[in-house]
Amino acid sequence: METGKVPAVAAKKSSLTPKAIIHQKFGDKACYKVEEVQEDTKNRCPGLAIPPKGPCLYRCTLQLPELVVISDTFKRKKDAEQSAAEKALEKLCIHQKEYNPTVEEAWDDLSVRLSYLFATEFLSSLHPLSGHLRASLQREGHLSGCVPISVIATYDAKISTICKYIIPEADSNFLLLMSLVLKAASKLDNLVISVDEQLSLQRRNPILPEVIHALVNQPRFSESLSIEVIRIPCSVEKTVESLVLNISPNGYYVDVIAQELGMTEASKVFITRTIGKASSDMRLYYNAPECLLMDQLSEPLVNLASHDKGSLNVRASYLSGQEVYGDAILAAIGYSWKSTDLFHEDVSLRTYYRLLVNMIPSGVYKLSREAILAAELPVAFTTKSNWRGSFPRDILCTFCRVHRLSEPVFESSMDLSGSRKKLKVESVKKDTNGASIASACGKSTGSVGDFKCEIKIFSKCQELILRYSPKESYKKQTDAMQHSALKVLSWLNIFLEKPDMSLEKLSYSAEKLGIQFSHDIFLKEFVLCQSVHKFGSTRLQSSKPIDYCCINQPNNPLDDNGSSICGENSGVTPSNGSLACVSYSISLVTEEEFLKELIESNEEFEFEMGSEAVMSRLEAVVTQMSVGQSAFFKMELPPQEFILAAVGDSAATLSLLSSRRCILEYAVTLLQVTEPLEERMEQALFSPSLSKQRVEFAVQHIRESCAASLVDFGCGSGSLLDSLLDYSTSLEKIAGVDISQKGLAKAAKTLHPKLNRKLCAEVPSKEIKSVLLYKGSVTIFDSRLYGFDIGTCLEVIEHMEEEDASLFGDVVLSSFCPRILIVSTPNYEYNAILQKSTSSGQEDDPDEKNQPKFRNHDHKFEWTRAQFNHWASDLAARHNYDVEYSGVGGVADVEPGFASQIAIFRRRDSGLKNVVLEHHYESIWEWSSDNM
Ligand code: SAH
Ligand code: MG
C-alpha cells in the first residue's frame with residue numbers, strides 16, 4: 001500500500017506547506033515530476049491469472065538547482081509532491097520553525113505583545129487593531145486612550161495564538177481569552193493599566209499631544225457615516241430588523257454600537273469572529289453577559305461555562321458558531337490591513353437571510369444559482385456538464401465551514417474487486433453466450449479503474465460526526481467524489497430543512513442512503529438548528545399550488561396542475577435529461593387586490609430536467625411546455641426566510657406580507673431545449689462508445705468491399721466523416737448530406753484543418769482526394785451522389801416521420817443506388833436496459849416505466865427489431881437488394897438484441913443505369929487534395 005507517511009505538515013493548515021517554502025526559496029527553479037508507480041507483487045491476489053492492476057500510486061521527483069530528491073509513493077499526487085519538498089527541506093537543513101512555547105514562555109510573549117501594541121510606533125501601523133487605538137485617543141474625557149480588552153482579544157490574532165498555549169480552552173472561550181489578557185496587562189503595571197470596571201486597557205503614560213495631533217489631524221472621514229446594520233433580538237419571538245448607525249467623524253464606532261445595545265460605552269461590547277465572506281469583516285456585537293464580574297475575569301481558571309443560558313441568543317450563536325448572549329448587532333465595519341480608513345458596508349435584512357439560507361445545503365446551492373425561489377439542490381449528479389451552480393463537493397465544504405466543522409475528508413479508492421468481474425464489451429462478431437446483456441452496460445459490472453469516494457465529516461475537535469462509504473463506483477475520480485458529496489448533502493438537507501424530525505426518522509433516512517452518523521455528536525453540533533430554522537414543516541418544495549385562471553389569456557384552459565400555458569405549441573419539448581433554458585419572474589401578489597411586487601427573476605436560467613434541480617412544481621410545468629410558450633401559476637408562500645433572502649427591498653415586501661394575505665405568482669417562458677445527450681448514454685454505458693462502435697462497423701465494411709467512395713446520409717456535424725479520417729481505408733471520395741446548415745458548418749470546420757494536416761503529413765498511397773458537403777433532404781435525389789460504393793445513414797431515419805423514412809428508403813435504393821447501404825437506428829427493445837442503468841435508483845415511479853420513452857426528444861419513432869426488419873426486407877425486395885441484419889452494443893442472440901440495430905443492403909445487379917442530371921442540393925463546402 002502506501003509506503004510513505006503523509007507529510008506531517010500537510011495536515012496542519014496554519015503553517016506553510018513544504019512546497020510553499022520551497023516555492024518561496026526557489027520559485028520556478030523547483031521542478032516537480034510526478035510518475036505513476038505500479039503496485040508490486042506483494043499485493044497480488046493468489047490464484048488470479050491476470051496480474052491485478054493495483055491502485056495507482058505516485059512518486060515525485062523534485063529537482064532543485066543543486067539537489068534532486070525522490071519522494072516515497074503516495075495515493076495522491078499532491079502528497080508525493082509535499083513529501084519530496086519535505087525531503088528537500090531536510091537535506092537543505094531548512095527547518096520549519098514552529099511556535100511551541102512553554103506556558104511560562106507564552107506568558108512572557110503575551111506581555112511583550114501587549115507592550116508592543118501599546119507602543120507609540122504601533123499607532124501608525126496598518127494593523128486592524130491600530131485603528132482602534134487611534135480612535136480611542138479621540139474618545140472624550142476619562143475614556144481617552146481606553147481600548148476595550150474584547151477589542152484587543154478580537155483583533156490581534158497573535159494574542160489568541162499565544163493564549164492557546166497558556167490554556168488551550170482560550171481558543172473557544174472568549175471570556176477566558178480576555179481574562180488572560182487582563183492578567184498579562186496587570187504584570188505590565190508601569191506600561192498599561194486596566195481601567196476599573198471598564199474592561200479596558202490604557203497606557204500609563206499618555207501619548208504625547210503632538211503625536212496625537214499628527215495622527216488626528218488626518219481626518220478619518222469628514223462627514224457622519226450612516227451604516228445599515230441588523231439587530232438580532234435575543235428572543236426568537238421578536239423579529240430581526242434593520243437599523244442605521246450614525247457615526248460622527250471623531251466618534252468611536254464601538255461606542256455607537258454599545259449605545260444601540262443599551263450601554264454607555266464600548267468596554268463591555270463583545271465581538272465574534274467574522275461571519276460570511278472573510279473580506280467583509282461582518283461580525284456580531286453583543287453585551288458582555290451580565291453575570292460577568294471583574295473578579296471572574298481576574299481569575300482565569302474559574303469555570304466560565306456556567307453562564308445564564310437563558311439569555312443565549314440562538315440565532316446569533318447559530319450564525320457565528322459562538323455563544324452570543326442578549327441582543328446582538330450584525331455589522332460589517334472595522335479597520336483593515338489596507339488603509340487607515342474605517343471599512344464599512346451596509347448589512348441589509350437580505351444579507352442576514354442569505355447568511356441563514358447559506359447554512360443549509362440546498363440554500364448554498366440556491367445562492368450559487370442566484371435563484372432562491374426557483375432552484376433546488378438536484379437529487380442526482382448526472383454529468384458534470386449538466387450540473388449548474390456550485391458542485392456538490394464545494395457545497396459540502398461551504399456547509400462544513402459555516403457550521404464550524406473541520407474540512408470534510410474525501411478518500412478516493414479504486415475498486416479492485418472489479419478487475420475480476422470485468423467483462424469487456426465484445427465487438428459484434430463475438431456473440432458467444434459468454435457475454436451477458438449486462439456486460440453491454442459496463443457500469444453495472446464495474447471495471448478496472450472504477451472509483452469510489454468515501455466521505456468523513458469531523459467536528460472542530462476531530463470527533464467523527466458522519467461517514468459515508470458508497471457502494472457504487474464511477475469511471476472518474478471526480479465523479480465519484482461529486483456523487484458521494486451529493487449523497488451526504490441530501491441527507492444533511494433532510495435534517496436541516498426539518499430539524500425537529502424524530503431521531504428514528506433521521507436514522508432511518510441515513511440508513512436508506514448508507515450514511516452512518518454518531519447521534520450524540522451530530523445533535524450536539526446542530527443543537528441550535530431547531531430554534532433557528534423554521535423552514536421545517538413548510539418546505540419550499542411542498543408549497544401548495546393554487547388553482548388560478550390566467551387573467552390575460554382567458555381562452556387558455558387550466559391544465560390539471562392549475563397552471564395556464566400560453567402560446568403556440570412548437571413541438572420542441574424538454575424530456576428527462578435535456579437542459580431546459582427558461583426565463584422566469586416570481587412576484588408577490590395580494591390575493592384579492594392586484595398589488596404586485598417582483599421578488600425574483602432570471603432572464604436565462606438553465607437546468608437539467610429530471611434531476612429536480614428546480615422546485616418540483618416548476619419542473620412539472622416546464623415538462624408540459626414547448627419552446628416559445630409561457631406558463632403562469634400561483635403558489636402558497638414558502639417560509640419567509642426564503643422570500644426575504646430573495647427580495648431586494650425587504651421593507652416593501654415586509655409591509656405587503658404583514659398587511660395582506662399574499663401568494664406567489666410564477667411566470668415562466670421556455671426559451672430553449674438542449675437535447676438530452678443520447679451520446680451521454682452511449683458513452684457512459686458502452687466501451688468503446690456506441691458511436692465509435694458504429695464507425696468501426698462502417699470501416700470494416702469499407703475495407704471488405706474495397707469501397708473508393710462513400711456518402712453519409714444525414715451526416716450531421718460530420719462525426720462519421722471525421723472519424724473515418726483516423727483509419728486507413730480504400731476511400732478516395734467522401735460526401736455528406738444533411739438538412740442542418742448548422743451541423744454542416746460544424747462539419748466543415750472540423751474536417752478542414754484535419755484534412756490539411758493529413759496532407760502535410762505526407763501519408764503515402766491511397767488518400768482521400770475529395771470531400772463534399774451538401775445541404776438538402778435525403779428524401780430528395782441529387783445525381784451528384786449517384787452510384788457511390790457505399791452509403792451510410794447512421795441514426796438518422798428515426799429523426800424523420802415514418803413516411804419519410806420509407807420515402808428515403810425508396811429514393812436511396814432506386815435513385816442513389818449505392819452498391820452497399822448501411823442504415824442504423826435505435827432498437828427500442830433495448831431502451832429498458834439503458835433506462836435502468838442511467839436512472840439508477842433515482843426513480844421508482846411505476847408510471848414512468850409504462851410510458852414510451854425515446855432516447856432523444858427529436859426521435860419521431862424508435863423501432864423494435866421486428867419493425868425494423870419489416871421496413872428493411874420490404875424495401876430490399878422492392879429494389880433488388882439483399883439485406884442482412886447486425887448491430888452494435890449488446891449481442892445478437894441474447895434478448896433484447898443490439899442497442900443500435902443495423903441493416904446492410906447489397907445491390908444485386910452490378911450495372912449502373914444512365915441518370916439524368918438533377919442538382920437539388922446546395923453545395924456547402926468542397927475540399928480537394930489537388931487544390932492544396
Ligand atoms: N449521422 C450522424 C448524425 C445523426 S443525428 C451521426 O451518426 O452522428 C440525425 C441527423 O439527421 C441530424 O443531423 C439531422 O439534421 C439529420 N436529418 C434529419 N432529417 C433529415 C433529412 N430529411 N435529410 C437530411 N438530414 C436529415
Ligand atoms: Mg438519433
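Which polar backbone atom lies 2.7 Å from a nitrogen atom of ligand 1? In this predicted model, that backbone atom belongs to glycine 714. Two further polar approaches to ligand 1 were computed. A polar side-chain atom of aspartate 738 sits 2.6 Å from an oxygen atom of ligand 1. Isoleucine 739 places a backbone N or O atom 3.4 Å from a nitrogen atom of the ligand. The free ligand would expose 570 Å², and the protein buries 78% of this area. Around ligand 1 there are 15 residues. Those that come nearest are Gly714, Ser719, Asp738, Val778 and Leu794.

Ligand 2 is a magnesium ion. Its protein donors are Glu798, through OE, and His799 and His859, each through NE2. These donors lie 2.3 to 2.4 Å from the ion. Their spacing along the sequence is E-H-x59-H. The site thus draws on distant parts of the chain, with glutamate 798 and histidine 859 being 61 residues apart. Glutamate 798 belongs to the loop between strand S26 (790–794) and helix H29 (802–816). Histidine 859 belongs to the loop between helix H31 (846–850) and helix H32 (865–879). Glutamate 798 and histidine 859 are both buried.

The largest nonpolar core contains 172 residues. Within this core, the residues touching the most other members are Leu114, Leu201, Tyr253, Tyr285, Leu330 and Val622. A separate core of 38 residues lies apart from it, and includes Phe686, Val695, Ile822 and Leu834. The surroundings of leucine 114 were examined with neighbours within four places in sequence set aside. On that basis, leucine 114 is in contact with Ile152, Ile159, Val181, Ala184, Ala185, Leu188 and Leu201. Leu201 is thus a contact of leucine 114 and also one of the residues touching the most other core members.

Two helices were examined for burial. Helix H5 spans residues 128–137, and 10 of its 10 residues are buried. The buried set includes charged and polar side chains such as Arg134, His132, Ser130 and Ser136. Pro128, Leu129, Gly131, Leu133, Ala135 and Leu137 are buried in H5 as well. Helix H10 spans residues 253–260 and is mostly covered, with 6 of its 8 residues buried. These are Tyr253, Val254, Asp255, Val256, Ile257 and Ala258. Tyr253 also appears among the residues that touch the most other members of the largest core. Just after H10, glycine 262 adopts a positive phi of about 85°.

Definitions and conventions: Residues numbered from 1 in each chain as written. Chains lettered and ligands numbered in written order. Predicted model: local features only at pLDDT ≥ 70, side-chain atom pairs only at ≥ 80, totals over all residues. Heavy atoms only, no water. Core = buried A, V, L, I, M, F, W, Y, C linked by side-chain atoms within 4.5 Å. Buried < 20%, exposed > 50% of the residue type's maximum accessible area, 1.4 Å probe, protein only. Contact = heavy atoms within 4.5 Å. Donors = N, O, S within 2.8 Å, 3.2 Å for Na, K, Ca; no water. Helix = DSSP H or I, 4+ residues; strand = E, 2+ residues; numbered from the N terminus. Near = heavy atom within 4 Å. Polar contact = N/O pair within 3.5 Å; in protein donor to acceptor, adjacent residues only side chain to side chain. Areas by Shrake-Rupley, 256 points an atom, 1.4 Å probe, with all protein chains shown as cover.
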